[in-house]
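Student: I would like to practise reading features from a model. Can we go through a few, one at a time?

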Amino acid sequence: MKVIIFVVIFATFTALSADLQCEHGTPDIPKDWVDMVTPCVSKMRAQIQTELKASIQYLAMGAHFSKDTINRPGFAKLFFQAASEERQHALKLIAYLLMRGELTSNVSKLIKTTIIPPVVSWTSGVDALKDALRLEATVTKNIRDVIKKCEDPEDPKANGYNDYHLVDYLTGEFLEEQYKGQRDLAGKISNLEKMMKDHKALGEFMFDKKLLEEL
């Protein structure tokens with residue numbers, strides 16, 4: 001009896017599966033709402049790469065200061081948090097392009113398979129902080145370039161299109177955070193250099209403990 005029931009269920013499932021498809025056909029969705037111009041989209045996709053590269057560089061910084069021979073947990077925590085923030089920035093940009101209907105193709109090309117950090121070791125905490133500030137300044141400049149391109153694409157096909165929403169989003173959501181972060185790093189460099197001038201290596205040790213308490 002059980003064998004008969006199994007055979008009936010199997011036959012029913014086989015009949016139904018004949019009508020099932022592994023892939024859906026391409027839906028016929030009107031494209032009138034997809035209005036970003038190509039130069040702006042290209043800049044946004046490149047910025048996603050920039051954010052991911054910054055994240056990997058910060059991971060390298062965090063790993064360096066986590067080594068037992070360096071043992072600066074405060075610096076490590078600072079840079080690991082920075083790596084997470086940069087990764088979140090990339091995700092936000094991806095989410096924005098999805099919202100605007102601009103990720104229907106070449107999605108895999110948004111993330112390169114190999115991103116190698118250009119620097120993997122630092123002689124001191126202050127050197128790492130200075131590199132971090134330079135990195136943030138580069139990211140800020142690139143965001144400003146995206147804004148400029150999306151305000152004035154300089155493409156005859158764009159007909160002078162100004163992407164007001166994207167420009168406002170990048171200015172309010174990204175640039176303000178960038179400027180605050182840069183000022184914070186500049187302040188940390190100032191304090192650490194003063195402490196090292198007065199206390200040498202002990203100054204960096206004390207600064208690291210303060211970082212660990214604050215973060």
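Student: Which side chain of opposite charge is nearest to Glu102, and how far away is it?

Tutor: Keep in mind that this model is predicted. For a salt bridge, look for a Lys or Arg side-chain nitrogen within 4 Å of a carboxyl oxygen. For Glu102 the nearest candidate is Arg100, 6.7 Å away. Glu102 therefore has no salt bridge, yet Glu102 is buried.

Student: Where does Glu102 lie?

Tutor: In the loop between α3 (73–99) and α4 (125–151).

Student: Which residues is Glu102 in contact with, leaving aside neighbours within four places in sequence?

Tutor: Val34, Met36, Val41, Arg45 and Leu97.

Student: Next, disulfides. How many does a search of the whole structure find?

Tutor: The general idea: a disulfide is a covalent bond between the sulfur atoms of two cysteines. Here the search finds one. Cys40 is joined to Cys150, with S to S at 1.9 Å. The link is right-handed, with 90° about the S-S bond.

Student: What does the pair tie together?

Tutor: Cys40 sits in helix α2 (residues 38–66) and Cys150 in helix α4, so the bond ties together parts 110 residues apart in sequence.

Student: Are Cys40 and Cys150 buried or exposed?

Tutor: Both Cys40 and Cys150 are buried.

Student: Last, the surface. Which residues form a nonpolar patch there?

Tutor: Leu202, Phe205 and Met206. Together they have about 270 Å² of accessible area. Take Leu202, in helix α6 (residues 201–214). Its relative accessible area is 47%, so Leu202 is partly exposed.

Definitions and conventions
Residues numbered from 1 in each chain as written. Predicted model: local features only at pLDDT ≥ 70, side-chain atom pairs only at ≥ 80, totals over all residues. Heavy atoms only, no water. Helix = DSSP H or I, 4+ residues; strand = E, 2+ residues; numbered from the N terminus. Buried < 20%, exposed > 50% of the residue type's maximum accessible area, 1.4 Å probe, protein only. Lys, Arg positive; Asp, Glu negative; His and termini not counted. Contact = heavy atoms within 4.5 Å. Disulfide = S-S within 2.5 Å. Patch = residues over 30% accessible without salt bridge, like charges linked within 9 Å, V, L, I, M, F, W, Y side chains within 5 Å. Areas by Shrake-Rupley, 256 points an atom, 1.4 Å probe, with all protein chains shown as cover.
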